Amino acid sequence: MANLKASQKHMRQTKRRTAYNDRIRNRVKRAVKSFNILITNEDVKGAKRDLPKVSKVIAKAAQKNVIEDGTASRNISRLTQKLNKLITASKNVKTAKKSS
């Protein structure tokens, strides 16, 4: 336990900030997890609807310095790539080659 008054205050601040950051990080994790579930279930419509919401949550976490800006943009980019891959996969229906 800290002895100095300033150290005690610092511990209180750290505890408060950690709780705040954990809440934001968990919000990001929940949003990404729900998006990934939509992707694995191949729900294109739902994933298209949720991508802006997930992006907003991630960007807000970066804005509040809970995660780094580069990490946020990388995560948003990867989620967008997953959605685009799902969209192209659902459009491309493989057909058998014609015999010549």
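User: Which residues of helix 3 are buried?

Analyst: This is a predicted model, in which local features need pLDDT of at least 70, side-chain atom pairs count only at pLDDT 80 or more, and totals for chains, interfaces and linings use all residues. Residues are numbered from 1 along each chain as its sequence is written, and side-chain values use heavy atoms, with hydrogens and water left out. Helices are DSSP runs of H or I with at least four residues, numbered from the N terminus, and buried means under 20% relative accessible area, exposed over 50% and partly exposed in between, with a 1.4 Å probe and protein chains only. By that standard, the buried residues in helix 3 are A72, L79, L83, L86 and I87.

User: Against which helices do the buried residues of helix 3 pack?

Analyst: Contact here means heavy atoms within 4.5 Å. The partners of these buried residues are helix 1 (5-40) and helix 2.

User: Is D50 buried or exposed?

Analyst: D50 belongs to helix 2, which covers residues 44-63, and D50 touches S34, F35 and L38 when residues up to four places away in sequence are not counted. Because its relative accessibility is 13%, D50 counts as buried.

User: How far apart in space are N84 and K48, C-alpha to C-alpha?

Analyst: N84 lies in helix 3, residues 69-91, and is partly exposed, with a relative accessible area of 42%. In sequence N84 and K48 are 36 residues apart, while in space their C-alpha atoms are separated by 9.5 Å.

Conventions. Helix = DSSP H or I, 4+ residues; strand = E, 2+ residues; numbered from the N terminus.
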